[in-house]
Amino acid sequence: MTLHSNANAVYLDIDQLECGYDGTPVINGISFSLHRGEIGCLLGPSGCGKSTALRAIAGFLKPSSGTINVNGRCLSDKKNACHRKNVI
C-alpha cells in the first residue's frame with residue numbers, strides 16, 4: 001500500500017461520521033477534509049459534539065457509521081471496527 005505524499009492530497013477525510021454514547025446520537029453525519037498543512041477548527045456551543053467528534057477521529061470512540069481516512073488509509077471499516085495500528 002502506497003500512502004499519499006503529494007502536498008495537495010487530502011490528509012484527513014471525514015465522511016458522514018455519526019457517533020454517540022449509550023445509544024444516544026451526539027453527532028450525525030459530519031463531513032470535512034483537510035489537506036496536508038491545513039489547520040482545521042471545530043466551533044460550536046457547549047454540548048454540540050465537538051469533543052465527541054475529536055474522540056472518534058482519535059480512535060477513542062467507535063463511530064456508529066461513516067468513515068475516517070488519514071493519509072489515504074481507512075481507519076474504520078463498514079463494520080465500524082477501527083484499525084488503529086501503525087497509522088502514522
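**One helix, four strands and a pocket**

Okay, let's start with the pocket. In the largest pocket, strand β2 and helix α1 each supply at least two residues of the lining. Before I go on, keep in mind that this is a predicted model.

So how much space lies in the largest pocket? About 160 Å³. And which residues line the largest pocket? Here's the list: Leu 12, Phe 32, Ser 33, Leu 34, Gly 40, Cys 41, Leu 42, Lys 50, Leu 54 and Ile 57. If you sort that lining by class, you get seven nonpolar residues, two polar ones and one charged one. As background for this kind of calculation, rolling a probe the size of a water molecule over the atoms shows where empty space is left.

Let me zoom out to the whole chain. There are one helix and four strands in the protein chain, and reading along the sequence gives you β-β-α-β-β. The chain has 88 residues, and 25% of them count as buried. About 6000 Å² of the protein chain is exposed, with carbon and sulfur atoms supplying 53% of that. What about contacts along the sequence? If you take the contacts with a separation of 6 or more, 48% come from residues 24 or more positions apart.

Now the helix. α1 covers residues 50–58, and its buried residues are Thr 52, Ala 53, Ala 56 and Ile 57. Why do they sit on the same side of α1? Because they cover an arc of only 135 degrees around the axis. As for what they pack against, the buried residues of α1 meet β1 (10–21), β2 (24–35) and β3 (65–70). Ile 57, by the way, is one of those buried residues and also one of the residues in the pocket lining. Right after the helix comes Gly 59, with a positive phi near 95 degrees.

Next, a residue over on strand β2: Val 26. Its relative accessible area is 32%, so Val 26 counts as partly exposed. What does Val 26 touch, leaving out residues up to four places away in sequence? Cys 19, Gly 20, Tyr 21, Cys 48, Gly 49 and Thr 52. Thr 52 you've already met, among the buried residues of α1. There's also a C-alpha distance here: Val 26 and Gly 47 are 21 residues apart along the chain, and their C-alpha atoms are separated by 8.6 Å.

For those of you who check backbone angles, there are two residues other than glycine to look at. Gln 16 has a positive phi, near 50 degrees. Gln 16 is in strand β1, and with a relative accessible area of 42% it is partly exposed. Asp 22 also has a positive phi, near 50 degrees. Where does Asp 22 lie? In the loop between β1 and β2. Buried or exposed, then, for Asp 22? Exposed: its relative accessible area is 84%, and the cut-off for exposed is over 50%.

Last one, Lys 62. You'll find Lys 62 in the loop between α1 and β3. Lys 62 counts as exposed because its relative accessibility is 55%. Along the chain, Lys 62 and Glu 18 are 44 residues apart, and their C-alpha atoms are separated by 9.3 Å.

That's the tour. Questions are welcome.

Notes. Residues numbered from 1 in each chain as written. Predicted model: local features only at pLDDT ≥ 70, side-chain atom pairs only at ≥ 80, totals over all residues. Heavy atoms only, no water. Buried < 20%, exposed > 50% of the residue type's maximum accessible area, 1.4 Å probe, protein only. Arc of directions from axis to C-beta. Contact = heavy atoms within 4.5 Å. Areas by Shrake-Rupley, 256 points an atom, 1.4 Å probe, with all protein chains shown as cover. 1 Å grid on protein atoms, 1.4 Å probe; cavity = no way out; pocket = protein on both sides within 12 Å on 5 of 7 lines; lining within 4 Å. Points joined across faces, edges and corners; volume = space filled by probe spheres on them. Nonpolar A, V, L, I, M, F, W, Y, C, P; charged D, E, K, R; others polar.
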